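Thanks, everyone, for making the time. I would like to walk you through one model this morning, beginning with its surface and overall dimensions and then turning to its charged side chains.

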Amino acid sequence: MKTAVQAAGLFATYDIPDYFCELLNRGDSPPPDLKRVRDRLARFDLAELRRRAAAVEAQFYRLGITFTVYSDREAIDRVLPFDVIPRVLTATEWDHIERGVQQRVRAINLFLHDIYHDRHILNDGVVPRDLVLGNANYCQAMVGLDVPGGVYVHINGTDLVRDRDGRFLVLEDNARTPSGVSYVLEDRQMMLRLMPDLARGLNIRPVDEYGHRLHRALAEVAPAGVDNPQVVLLSPGIYNAAYFEHVFLAREMGIPLVEGRDLMVEDGRVYMRTVAGPRPVHSIYRRLNDDFLDPLVFNPDSMLGVPGLVDAYRRGNVTLANAIGTGVADDKAVYAYMPRIIRYYLDEEPILTNVETHICAEREGLEYTLANIERLVVKPVGESGGYGLLIGPHATQAELDEFRALLRANPANYISQPVISLSVSPTLCPAGVEARHVDLRPFAVTGRDTWVLPGGLSRVALRKGSLVVNSSQGGGSKDTWVLAS
């Protein structure tokens, strides 16, 4: 799929494979601002681009912008690789994404309220009862609990990909503790500082209000009757892979960063320990999983949570964001039913389409997956970060046979999807500027309404031919520019 516009300069040797390219094959009449970005980039010297890329990496090291990989004994803390060639979205494309994400968040919140209350969608047979009530993430402590404003998912990350025709497809939902937004904000600051000549004069939508929007939403869903709610960010601590992001977001919101030992519960209310004595806490942006939140309800060996927190939550004296039990909504098997969930609660057609998904817990889905495994991506429903999956076309015969055995032994643990020809974006690589696959994670913040951060996290698979964009699997990030109309 070659661009109609002759590539030149920096892109003179850029070989656009048979994929949708985010920058260089937008048709014969690309939007003027998009063409301006492309033309400016084309005038860059490769050596100069490398110099700026090295400056970015050095800045990230100095600022401590890292993530943690526990499986690598030689390099625990890593700087997320950053590509200085931005990914650009037009105003029309962003409008489609924004409306689709907002629709999806509305449906997810309605679904979660229903399954923890009257269970109409289960009684009507739209979603299998066992898939929800037997789900490992379904939380009995949430049954019958009314959360402020009906908001269960206050922060949501929707992973999107584009197919060969440039259509946006939802790959998965992240409704528990989605991470990566700190890279979005830091990437933008770095681009404006080190690539100002590329951005000059372009009407790029800003991202710097995320902290304000998030704090406002968390204050809006605080328990009723509190005039000036105290919001805190609850972190597992410095050994968590996303600890940099916890520090960053607490600073952006201007709120305390706390660990479980900094909080206590008395008479069903949550307090923060301070040098001036206990201080009431009303909203908690928690960045640890359900299992570790409260040792009295979940894992009794957890040293990370707060004893009595769930009791305070059930009494309505504190708000947790995201709510407990939201993992049901981003389960990879439940994901397959999201189009039906949207139609059921909203009486609307999905704006953003799912990737075709086969549920191996169902006989038809299992038989199809076993018969076509060499052409499919097979994913365990409970894993994240790109672990435990099989990419059929890239697998050996031994790996295919191993996964067939896993499927037969535990079919409910797997789904399968066709291999999508993910869109590519020009990326600075050791051999020059080359095409690499990308995805996009827009972040939605919900209080009284839902606001979507313009752009989101564009992750790029830096290994040639790889479809895995996760940072823990060798992926990097790009700044995502949304061009205002």
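Let me begin with the surface: the protein chain exposes about 20,600 Å², and carbon and sulfur atoms supply 48% of that area. Please keep in mind throughout that this is a predicted model, so every value I quote is computed from predicted coordinates.

As for overall dimensions, the C-alpha atoms fill a box of roughly 70 × 60 × 50 Å along the principal axes. The radius of gyration is 23 Å, which agrees with the value near 23 Å that a compact globule of 485 residues would have. Of those 485 residues, 58% count as buried, and the secondary structure comes to 14 helices and 23 strands. If we take the contacts between residues at least 6 apart in sequence, 68% of them join residues at least 24 apart.

Now to the charges. The chain carries 53 positive and 62 negative charges, and the mean positions of the two sets are 4 Å apart. The structure holds 33 salt bridges, and I have picked out three pairs to discuss.

In the first pair, E93 forms a salt bridge with R162, with the closest N and O atoms 2.9 Å apart. Because E93 lies in helix 3, residues 91–115, and R162 in strand 4, residues 155–162, the pair ties together parts that are 69 residues apart in sequence. Are these two partners buried or exposed? E93 is buried, with a relative accessible area of 12%, and R162 also counts as buried, at 3%. The pair does not stand alone either, since E22, R87, E93 and R162 are linked in a network of salt bridges.

The second pair is D163 with R167, whose side chains meet in a salt bridge at 2.7 Å, N to O. Here D163 counts as buried at 8% relative accessibility, whereas R167 is partly exposed, with a relative accessible area of 46%.

The third pair is R459 with D439, where the side chains meet at 2.8 Å, N to O. This salt bridge links distant parts of the chain, with R459 in strand 22, residues 457–461, and D439 in strand 19, residues 432–441, the two residues being 20 apart. Both partners fall under the 20% cut-off for buried residues, R459 having a relative accessible area of 11% and D439 one of 3%.

That is where I will stop, and I am happy to go back to any of these pairs.

Methods. Residues numbered from 1 in each chain as written. Predicted model: local features only at pLDDT ≥ 70, side-chain atom pairs only at ≥ 80, totals over all residues. Heavy atoms only, no water. Salt bridge = Lys/Arg side-chain N within 4 Å of Asp/Glu carboxyl O. Helix = DSSP H or I, 4+ residues; strand = E, 2+ residues; numbered from the N terminus. Buried < 20%, exposed > 50% of the residue type's maximum accessible area, 1.4 Å probe, protein only. Rg over C-alpha atoms; globule rule 2.2 N^0.38 Å. Contact = heavy atoms within 4.5 Å. Areas by Shrake-Rupley, 256 points an atom, 1.4 Å probe, with all protein chains shown as cover. Lys, Arg positive; Asp, Glu negative; His and termini not counted. Charge placed at Lys NZ, Arg CZ, Asp CG, Glu CD.
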